[in-house]
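Colleague: I'm new to protein interfaces, and I'd love to look at one with you. Could you show me what we will be talking about?

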Amino acid sequence: MIDENESPELTEDEKRLFADLMPEDLNEILDTGVNRRHFLKLITMAGGGVLAAQSAVAEQLMTRPFAETGTAEFAPDSLDNGVSVSFKVNGTARKLTVDSRMTLLDTLRERLDLTGSKKGCDHGQCGACTVIVNGQRILSCLTLAASCEGKTVQTIEGIAQGSTGATTRLHPVQEAFLKHDGFQCGFCTPGQICSAVAMLDEAKKGHLSYVSENVRQPAAPAKLSNEEIRERMSGNICRCGAYPNIVAAIQEVHSGKPVEQIFRSV
Amino acid sequence: MRPFTYSRAKDPSSAIKMLAQNPNAKFLAGGTNLLDLMKEDVERPDALIDISELGLSDINLISAGTNQGGISLGGLSKNTATANHPLVRQNYPLLTQAILAGASGQLRNMATNGGNLLQRTRCPYFYEVAMPCNKREPGTGCGAKEGINRMHAIFGWSEQCVAVYPSDMAIALAALDAVVKVRSASGQERSISMADFHRLPGDQPEKDTNLAHGELITAIELPKNRFADKSYYLKVRDRASYAFALISVAAALEMDQANGPGNRIKQVRIAMGGVAHKPWRALKAEQMLVGKEATEANFNLAASAEMADARPLEHNAFKVELGKRSIVLALKMAFNGGKA
Ligand SMILES: Cc1cc2nc3c(=O)[nH]c(=O)nc-3n(C[C@H](O)[C@H](O)[C@H](O)COP(=O)(O)OP(=O)(O)OC[C@H]3O[C@@H](n4cnc5c(N)ncnc54)[C@H](O)[C@@H]3O)c2cc1C
Ligand code: SF4
Ligand code: FES
Ligand code: FES
């Protein structure tokens, strides 16, 4: 048991760990015993492992090279299996060398500073990383950047229409998400919007879904029920459960008619 | 992910050659299964050969040969394109439904027909490299056999492996007697029927299929049939959408017109997913139904006979009754042209 009146002094190692982990709290920790007890408890509970691992992460975060923008090469010598790839992202040509293991998602976020696309599960299960490649919605977490040679990529940053200065207008789906509160924390929203934009296009082409009534009819622009929208958007998971509002927003754009706003939780 | 070299193949023959030279190389198609498994350290190829730009994505009527009048689906055609193609919608609605029952819109835009057939089991012990698994590491044992095996097999399993095969598309292909066309490094083409494509685990569960290393799936052929009016793909899962099947049933009926407006079944196909290491053709039920009237009583008899042979594990006995009811419902839906 730790004595209430124990001196709050930390060892040099402890100080270093704290300086790493919570630099802004260091002085307070040095001045109070409470935090020291908390610290010791953490250390004993985790056998030091948790903190040590966190500090390794903290170190990595702090020493990571800044994401480069533009077309400069990324220290290609340090890449094991570098692959050079040229593609168009939101209308701008990009050329870079990537590690063969780099996903499109990591490339967008870490190399091109396009952090709108989110990493949720990183395994194709949540849809947070949805982007539009060659006009089709796909998951950037299961796409290798190397495989995007010559392709066009559209991310949430490029969804707004005429994205040049004063003339920028939000995409109708973005407007509708705002109007209908189609988000709470917003984490899934970029993926939801990219997915919805491409999905509405699929419906126009007459693509079917598992709940479509008549599979055998010739392809014609589909009129989507809310059930259809739900099924077609099922690859985008929302932890906050903003689904009713998301469906309302998409329905409004799809039908072209105002949909009543939902202010109740379902 | 472990390091690997990435190369883009320009034509099928060079792709096959590149693969054949290296036993640790893998083709990369849509990547939706392979990359997932590489991130989990389950698959560890040292070279990926990207085959997504090879073409091989046409969908055509077959004008000659044994499958004349049927259609050919490119091995690299995307699942979305296949499901929505007019020829598939019109003549093989069962296949359209099965593809659309699987995964999500984004994934189907990426997934290819060949990759879909070769997707690996979703057994959670297979995915978790800290667990024993004969499929992932032969000789280590099977975590699921005595573990949590609610999702696992009730037919065809062995002491070595009780996993189920997860594809929806393949269940419809099995019911439709599809043929898989493959090309090897020697340039030779061969055809493998769906019935022989996937394997039961036996004592080599690490081998999912009868495809040899270096063989490329170039196409999948569907023979002509008369099932389009009466077919249905039923998928039963834990969530309403976007989940793998607990049980699925592809059912197709052709009624005998020769006997007038009578209700007799001329031909019937039933294939099940989520019950075995491969698409499971319910041959016993099929045989019992040929020549019989399409009544719920007969559907029940056939389904019960089929499921009587099931060998459930500790946690999946529910699949026996569920399978029986699913067969009956799928046949009813098929008979009514897709309506309950
Ligand atoms: C979250 C999630 C949910 C899913 N839900 C479902 C579902 O409900 N139902 C369902 O059926 N599926 C589902 N899937 C699986 C998905 O359908 C498959 O991952 C996909 O079909 C695989 O195709 P691919 O082209 O991406 O294959 P890849 O991942 O590129 O390849 C898979 C394997 O096939 C090999 N290969 C690919 N093409 C060829 C070829 N032409 N010749 C020889 N070898 C080849 C590759 O080397 C690799 O070993 C789901 C996947 C995810 C991630
Ligand atoms: S059921 Fe098959 S895949 Fe699952 S743990 Fe056992 S051996 Fe591995
Ligand atoms: S991050 Fe890609 S699907 Fe979850
Ligand atoms: S708004 Fe929070 S996850 Fe969807």
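Colleague: What makes the pair Asp122(A) and Lys39(B) a salt bridge?

Modeller: Please keep in mind that this is a predicted model. A salt bridge needs a side-chain nitrogen of Lys or Arg within 4 Å of a carboxyl oxygen of Asp or Glu. The closest N and O atoms of Asp122(A) and Lys39(B) are 2.9 Å apart, so the pair is called a salt bridge. Across the interface of chain B and chain A, the rule finds three salt bridges.

Colleague: How many residue pairs are in polar contact across that interface?

Modeller: The rule finds 25 such pairs between chain B and chain A, with both residues at pLDDT 80 or more. The side of chain B that touches chain A draws two or more residues from each of several elements, including β1 (5–8), α2 (34–39) and β9 (231–236) of chain B. Its residues divide into 17 nonpolar, 14 polar and 11 charged.

Colleague: How do you know which residues of the two chains are in contact, and how many are there?

Modeller: Contact means heavy atoms within 4.5 Å. With that cut-off, 42 residues of chain B are in contact with 42 residues of chain A.

Colleague: And what area is buried between them?

Modeller: About 3,400 Å² is buried between chain B and chain A, and carbon and sulfur atoms give 52% of it. Lys39(B), Arg89(B) and Gln106(B) supply 21% of the area that chain B buries against chain A, more than any other three residues. You have met Lys39(B) already, as the salt-bridge partner of Asp122(A).

Terms used. Residues numbered from 1 in each chain as written. Chains lettered and ligands numbered in written order. Predicted model: local features only at pLDDT ≥ 70, side-chain atom pairs only at ≥ 80, totals over all residues. Heavy atoms only, no water. Buried area = accessible area lost by both parts, 1.4 Å probe. Polar contact = N/O pair within 3.5 Å; in protein donor to acceptor, adjacent residues only side chain to side chain. Helix = DSSP H or I, 4+ residues; strand = E, 2+ residues; numbered from the N terminus. Nonpolar A, V, L, I, M, F, W, Y, C, P; charged D, E, K, R; others polar.
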